[in-house]
Amino acid sequence: MKAFMDKEFMLQSPTAQHLYHDYAADMPICDYHCHIPPREIYENRRFENIAQVWLGGRNPDGSYFGDHYKWRVMRSNGVPEEYITGDKPDRERFQKFAEALPMAIGNPMYHWTNLELHVFFGYDGVLNGDTAEEVWNLCNDKLQHDPKLTVRGLIEQSNVAFIGTTDDPIDDLYWHKKIKEDPTIKFTVAPSFRPDKAININKPGFAEYMGKLAAVVGKEKLACIDCVTDALTKRIEFFAEMGCRASDHGLDYVPYREATKEEVNAIYQKVMKGESCTIEEAEKYQTYILIHLGKQYHRLGIAMQIHYNCLRNVNRSQYAKLGPDTGYDMINTATCGGEIASLLSALNDTDECPKTIIYSLNPADDAQIGTILGCFQNSEVPGKIQHGSAWWFNDHKIGMEEQMTRLASLGLLGNFVGMLTDSRSFLSYTRHDYFRRILCNIIGQWVEDGEYPNDEKALEKIVKGICFDNAKRYFNL
């Protein structure tokens with residue numbers, strides 16, 4: 001019987017152990033997509049207790065922040081909501097999570113939580129209801145006194161070279177400016193362009209948001225579709241000046257419905273007058289804007305990330321109480337591979353297709369995505385069109401294995417840009433270690449089974465590439 005999470009955790013062969021310890025473990029981290037607040041990096045926040053780090057709380061505006069994965073574990077164990085997003089004392093909330101965690105056998109949360117305790121706090125036990133008190137005291141003492149456990153300390157000891165946050169086009173990027181001006185911050189933090197609110201013409205708040213976008217570019221209103229595209233272009237250029245390497249699109253599904261500028265302008269005018277639009281009209285507007293944005297990304301060397309197939313806020317009563325991003329989302333089954341190909345093809349027609357990373361929340365789309373990639377690769381950069389790493393409900397052992405195996409089967413795994421945290425937690429960098437162990441175990445097994453030669457030079461290049469070097473090249477770090 002193997003020891004729980006020892007140094008060979010998930011490394012099931014001598015070759016896997018060699019690849020991990022000699023090539024993967026010490027590589028820098030490029031966390032090119034996450035949701036951590038740049039303000040907390042600049043201010044070098046020190047958390048008061050482990051519950052704040054893991055379970056979060058409420059923002060000044062009444063919205064919630066925290067780790068949705070942990071919230072779902074607690075809800076699945078019958079924990080009352082008052083201990084999750086409510087106002088119960090942090091110690092009691094932590095106890096409820098600790099009591100729920102042992103039930104998460106086979107869930108990545110069990111591994112991630114104990115990895116974080118081991119790596120950042122030096123705790124070699126396991127968290128449960130009985131150990132919660134000692135873990136609480138140990139973590140809180142270190143969080144309050146250890147210089148390595150401030151926000152910057154956590155980033156630096158995790159060997160993070162680059163962080164790509166997620167930012168709205170109307171953001172003034174004030175905290176990014178402050179970070180750039182601070183010579184004591186040794187790692188790079190860059191904004192990522194997230195224009196969902198300017199694309200979701202059929203969702204509540206669109207007209208109000210476009211008013212805010214107008215104000216940011218110095219206009220009273222965006223009177224026509226040309227005004228919209230001009231405003232978005234100005235904001236993309238500003239983001240590029242601030243070091244932006246990637247955009248991000250969180251789409252329910254990827255639309256593609258061609259229309260003339262005149263049609264799209266009429267649809268935009270209609271919605272701005274307070275009228276609703278049909279699904280077909282929304283798709284025409286969205287397609288037009290996505291093509292425009294894609295061309296700007298290509299011009300400025302910004303990668304386009306597309307996340308799709310999430311059905312959000314499905315629990316209506318809890319959404320009404322807590323709002324979005326509180327752990328009530330699920331995998332969707334939209335089929336839009338043809339539309340993705342049409343979008344890339346439209347951009348390719350004028351040689352303006354940007355570097356693109358495609359993620360679906362539905363693992364059933366993996367093979368389809370794998371076949372899309374090969375249709376639009378070119379010499380601009382190896383792996384120009386990427387199959388994004390296993391995302392959200394898929395970033396567990398099985399999901400990562402399936403995504404990488406599918407990519408290897410249908411494309412070139414050796415050019416994969418690798419893992420990202422997609423997280424709001426500064427402790428989540430251990431997920432890169434989790435990913436690297438799974439990666440090395442897959443490749444190691446292929447070598448052990450005689451399916452790939454024991455070519456040391458090639459294996460080193462592949463493993464180091466997927467861990468960091470490919471992302472460094474892809475995002476021009």
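In these legends, contact means heavy atoms within 4.5 Å. The model shown in every view is a predicted one.

**View 1. Helix α18 and what packs over it.**
Start with helix α18, which runs through residues 397-410. With 14 residues at 1.5 Å each, it should span 20 Å, and its end C-alpha atoms are indeed 20 Å apart, so the two agree. Look for the buried residues of α18: they are G399, M400, Q403, M404 and L407. These cover an arc of only 120° around the axis, which puts them on the same side of α18. Here's the background: an α-helix has 3.6 residues a turn, so residues three or four places apart point the same way. Now check the face of α18 turned away from that buried side, where you'll find the exposed residues I398 and S409. And what sits over the buried residues of α18? The cover includes α17 (366-373), β12 (385-387) and α19 (430-448).

**View 2. Helix α17, seen down its axis.**
Next up is α17, one of the elements covering α18 in the view above. Its buried residues are D366, I369, G370, I372 and L373. Seen down the axis of α17, they fall within an arc of 160°, so they line one face of the helix. Elements covering these buried residues include β8 (303-308), α16, β11, β12 and α18.

**View 3. Salt bridges at E40–R45 and R75–E81.**
The whole structure holds 21 salt bridges, and here are a couple to zoom in on. As a reminder, side chains of opposite charge can pair when their charged atoms come close. E40 pairs with R45, with the closest N and O atoms 2.8 Å apart. Is E40 buried or exposed? At 18% relative accessibility, E40 counts as buried, because the cut-off for buried is under 20%. Its partner R45 is partly exposed at 24%. The side chains of R75 and E81 also meet in a salt bridge, again with 2.8 Å from N to O. R75 is buried, at 19% relative accessible area, while E81 is partly exposed at 22%.

**View 4. A salt bridge linking distant parts of the chain, plus a network.**
Here the side chains of E283 and R257 meet, 2.9 Å from N to O. The pair links distant parts of the chain: E283 belongs to helix α14 (residues 279-300), R257 lies in the loop between β7 (246-250) and α13 (261-272), and the two are 26 residues apart. E283 counts as buried, with just 9% relative accessibility, whereas R257 is partly exposed at 32%. For a salt-bridge network, look at D67, K70 and R431, which are linked together.

**View 5. A nonpolar patch on the surface.**
Which residues make the nonpolar surface patch of about 220 Å²? The answer is L311, V314 and M330. Take L311 as your guide: you'll find it in strand β9 (residues 310-311). L311 is partly exposed, with a relative accessible area of 36%.

**View 6. D351 in its loop.**
Last stop: D351 sits in the loop between α16 (337-349) and β11 (356-360). With a relative accessible area of 61%, D351 is exposed. Try finding L290 too: D351 and L290 are 61 residues apart along the chain, and their C-alpha atoms are separated by 15 Å.

Notes: Residues numbered from 1 in each chain as written. Predicted model: local features only at pLDDT ≥ 70, side-chain atom pairs only at ≥ 80, totals over all residues. Heavy atoms only, no water. Patch = residues over 30% accessible without salt bridge, like charges linked within 9 Å, V, L, I, M, F, W, Y side chains within 5 Å. Areas by Shrake-Rupley, 256 points an atom, 1.4 Å probe, with all protein chains shown as cover. Salt bridge = Lys/Arg side-chain N within 4 Å of Asp/Glu carboxyl O. Helix = DSSP H or I, 4+ residues; strand = E, 2+ residues; numbered from the N terminus. Buried < 20%, exposed > 50% of the residue type's maximum accessible area, 1.4 Å probe, protein only. Expected span 1.5 Å × (residues − 1). Arc of directions from axis to C-beta.
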